[in-house]
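Reader: I should like to discuss this model, beginning with its pocket and then turning to its interior. Please take the questions one at a time.

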Amino acid sequence: MSVAPDGPAASGAAPGKAKPLAALFVANVALAFGPWFVRLTDVGPVAAGFWRIALATPVLLAAAVLLGQQPLRQARGLWGVLALGGLAFAADLASWHAGIHHTQLANATLFGNAATLIFPIYGFVVARAWPTRTQGAALVMAAIGAALLMGRSAQLGAQNLIGDLLCLTAGILYAVYFVTMARARETMQPLPALALASLLATLPLLVAALVLGERVWPGDWTPLVALAVVSQLVGQGLMIYALGHLTPLVVGVALLTQPVVAGAIGWIAYNERLGLPDVAGAILVGLALVLVRKGGPATPPTLEPGAAEAHKGT
């Protein structure tokens with residue numbers, strides 16, 4: 001999940017964009033492995049979210065300090081906003097990780113990116129503006145695609161449908177996180193905002209895991225370390241770099257890599273075969289994710305991606 005980049009991205013994938021494009025591709029592939037790593041962990045889904053953030057946050061904070069960005073100083077007057085963002089982030093991760101265990105990896109990736117569609121709707125409400133025709137068509141396509149995917153999941157079993165709904169709920173919660181971080185990003189740089197929001201998400205995730213009675217301490221650290229390093233640090237780090245150089249449309253097209261890779265992993269590892277309704281629904285949702293990024297007169301305020309692209313194969 002990403003949103004419009006700043007500055008130099010205005011010209012799109014122009015000559016000299018080879019490195020950002022390569023980074024964007026690798027980032028999407030790395031992020032697509034996230035749901036698989038969540039399934040491989042031997043802790044509860046919420047606990048996996050806790051370790052994913054707890055292992056990555058010190059690195060993010062250290063990077064911000066080494067770059068001289070002074071996270072604590074930038075956060076003055078914004079702790080309430082950051083705390084709300086961290087809580088929404090924690091709830092999003094908890095819901096998404098739980099959903100991953102109940103639905104297909106491709107579905108989890110697509111529904112987990114729902115915030116990319118929901119955040120613009122918030123912008124339309126705030127701006128009291130109607131979407132452009134393209135954006136309106138994107139929202140309709142997304143609704144039809146989601147209905148196809150959920151209908152197919154319901155045919156496979158109630159647990160699959162529950163998984164879809166949990167992942168969709170995660171997408172909605174992530175949109176709340178977008179809104180709060182948009183406020184923080186008015187005065188904060190992306191890395192400090194991301195690092196502090198992640199820090200404030202760790203305790204709620206740990207408390208939730210304990211209250212739910214999940215296993216928290218892992219017997220095998222490998223999937224959790226892979227989740228933190230591959231998805232959270234490599235995937236997000238490359239995404240932050242790429243989003244500063246490419247247009248939202250280019251990023252949107254590249255985003256389609258994630259459900260394809262996640263679907264391939266699900267097929268190979270769990271024999272999750274996609275039927276025709278799954279493919280049709282995924283294509284509609286994927287196209288919607290691309291079209292809604294095209295912008296236009298009704299484009300809502302954007303959120304700098306470095307503060308938002310924080311948790312998923314999104």
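Reader: How do the residues of the lining of the largest pocket divide into nonpolar, polar and charged?

Author: The model is predicted. The largest pocket has a volume of about 260 Å³, and 15 residues line it. By class, the lining residues are two polar, three charged and 10 nonpolar.

Reader: Which elements give two or more residues to the lining of the largest pocket?

Author: The lining residues closest to the pocket centre are A106, P259, V260, L274 and A282. The elements that contribute two or more residues to this lining are α13 (257–270) and α14 (276–291).

Reader: Which helix supplies the largest share of the largest nonpolar core?

Author: This core has 36 residues, and those with the most contacts inside it are L82, F89, Y177, M181, M188 and L205. At least two core residues come from each of α3 (45–66), α5 (79–100), α9 (158–184) and α10. A second, separate core of 20 residues includes A32, F37, I100 and A226. In the largest core, the largest share, nine residues, is supplied by α10.

Reader: What span should α3 have, and how far apart are its end C-alpha atoms?

Author: The helix α3 has 22 residues, so at 1.5 Å a residue the expected span is 32 Å. The end C-alpha atoms agree with this, being 32 Å apart.

Reader: Where in α3 does a kink lie?

Author: Just after α3, G68 adopts a positive phi of about 70 degrees. Within α3, a kink of about 30 degrees is found shortly before the proline P58, at T57.

Technical notes:
Residues are numbered from 1 along each chain as its sequence is written. This is a predicted model: local features need pLDDT of at least 70, side-chain atom pairs count only at pLDDT 80 or more; totals for chains, interfaces and linings use all residues. Side-chain values use heavy atoms; hydrogens and water are left out. A nonpolar core is a set of buried Ala, Val, Leu, Ile, Met, Phe, Trp, Tyr and Cys residues joined through side-chain atoms within 4.5 Å. Buried means under 20% relative accessible area, exposed over 50%, partly exposed in between (1.4 Å probe, protein chains only). Helices (H or I, at least four residues) and strands (E, at least two) are DSSP runs, numbered from the N terminus. The expected span of a helix is 1.5 Å times one less than its number of residues. The bend at a residue is the angle between axes fitted to the seven residues ending there and the seven starting there. On a 1 Å grid over the protein atoms alone, a cavity is a set of points where a 1.4 Å probe fits but cannot get out, and a pocket is an open set with protein on both sides within 12 Å along at least five of seven lines; lining residues have an atom within 4 Å of a point. Grid points are joined across faces, edges and corners, and a volume is the space filled by probe spheres set on the points. Ala, Val, Leu, Ile, Met, Phe, Trp, Tyr, Cys and Pro count as nonpolar, Asp, Glu, Lys and Arg as charged, and the others, Gly among them, as polar.
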